[in-house]
Amino acid sequence: MSATFEQRLDAFRRLDDAKLTFARRDWFPGTSGNLSIKIESEPLQFAVTASGKDKTKLSPEDYLVVDRNSRPVDSTSLKPSAETLIHAVVYKKFPQAGACFHVHTVWNNLISELYFGQRAFSIQGQELIKGLGIWEENARITVPIVENFADIPTLAAAIEKVLTPEVPGVLIRNHGIYAWGGNDFEAKRHLEAFEFLFEYHARLLQLRQAVVSTTTTN
Ligand SMILES: CSC[C@@H](O)[C@@H](O)C(=O)COP(=O)(O)O
Ligand SMILES: [Zn+2]
């Protein structure tokens, strides 16, 4: 059965909210980024941003609904995000996921490049790890990093291989992050927590370097 008008409207409104919040933070440079919200699990249907749009703006042609094969469920001139396949991979792997957000930021790109050698970025003992829903004492998280394959099915397959239920996100080298959650509120919280951790860690490295330089030159 196809999503009802009310279900679509609700998903589109939630996407508007998320999009404007992230746009205010400059998380969509150069039309980058894509967002989705699940509408139905069985059969899978989700609302996703249309490809190539300026995601800092709202228009009546921002979103469309696609099926588990990333194909539009209605006849439309809109093209789903070029990376819709990645959203579909997340929803298929994690049936409890209800929203999936992708942004390109300088901090997530820096971390993805710095730690690509290890294919993962780990961080421990930072309070914002709780923002990922991980509450253990002195918790350590490991975010997988995949190569930025230009071919989207190849990229989606690489992502599928490294997805883990422990951490609701994956970095793509010199590209950006995909973060998801049970609903849009949770996916946003996860994305914000990841971005905080990336920026914190990158700035810490810079400051440590500055301290080392000061102490060695004085
Ligand atoms: C314009 S650079 C970004 C794109 O190549 C892509 O990575 C992206 O995030 C947005 O693609 P889109 O098809 O608009 O969803
Ligand atoms: Zn992208």
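User: What does an oxygen atom of ligand 1 sit 2.9 Å from?
Analyst: In this predicted model, an oxygen atom of ligand 1 is 2.9 Å from a polar backbone atom of Gly33. Side chains take part as well, since a polar side-chain atom of Ser51 lies 2.6 Å from an oxygen atom of ligand 1, and a polar side-chain atom of His175 lies 3.0 Å from an oxygen atom of ligand 1.

User: And how much of ligand 1 does the protein cover?
Analyst: On its own, ligand 1 has 420 Å² of accessible area, of which the protein covers 72%; such areas come from the Shrake-Rupley method with a 1.4 Å probe, and for residues only the protein chains shown count as cover.

User: Which residues are closest to ligand 1?
Analyst: There are 14 residues surrounding ligand 1, each with a heavy atom within 4 Å of it, and the closest are Ser51, Gly52, Lys55, Ser81 and Glu83.

User: Ser81 is on that list, so where is Ser81 in the chain, and is Ser81 buried or exposed?
Analyst: Ser81 is in the loop between strand S3 (63–67) and helix H2 (84–93), where helices (H or I, at least four residues) and strands (E, at least two) are DSSP runs numbered from the N terminus. Ser81 counts as buried because its relative accessible area is 7%, and buried means under 20%, exposed over 50% and partly exposed in between, with a 1.4 Å probe and protein chains only.

User: What is Ser81 in contact with?
Analyst: Leaving aside neighbours within four places in sequence, Ser81 is in contact (heavy atoms within 4.5 Å) with Asn34, Val48, Thr49, Ala50 and Ser51.

User: New topic: which peptide bond is cis, from Glu42 to what?
Analyst: The bond from Glu42 to Pro43 is cis, with omega near 0°, and Pro43 lies in the loop between strand S1 (34–40) and strand S2 (45–49).

User: What about phi at Asp26 and Asn174?
Analyst: Neither is a glycine, yet Asp26 has a positive phi of about 65° and Asn174 has a positive phi of about 50°. Asp26 is exposed because its relative accessible area is 62%, whereas Asn174 counts as partly exposed because its relative accessibility is 42%.

User: How should I read the numbering and values?
Analyst: Residues are numbered from 1 along each chain as its sequence is written, while chains are lettered from A and ligands numbered from 1 in the order in which they are written. Local features need pLDDT of at least 70, side-chain atom pairs count only at pLDDT 80 or more, and totals for chains, interfaces and linings use all residues, while side-chain values use heavy atoms, with hydrogens and water left out.

Definitions and conventions: A polar contact is a pair of N or O atoms within 3.5 Å; within protein, one must be able to donate a hydrogen and the other to accept it, and residues adjacent in sequence count only if both atoms are side-chain atoms.
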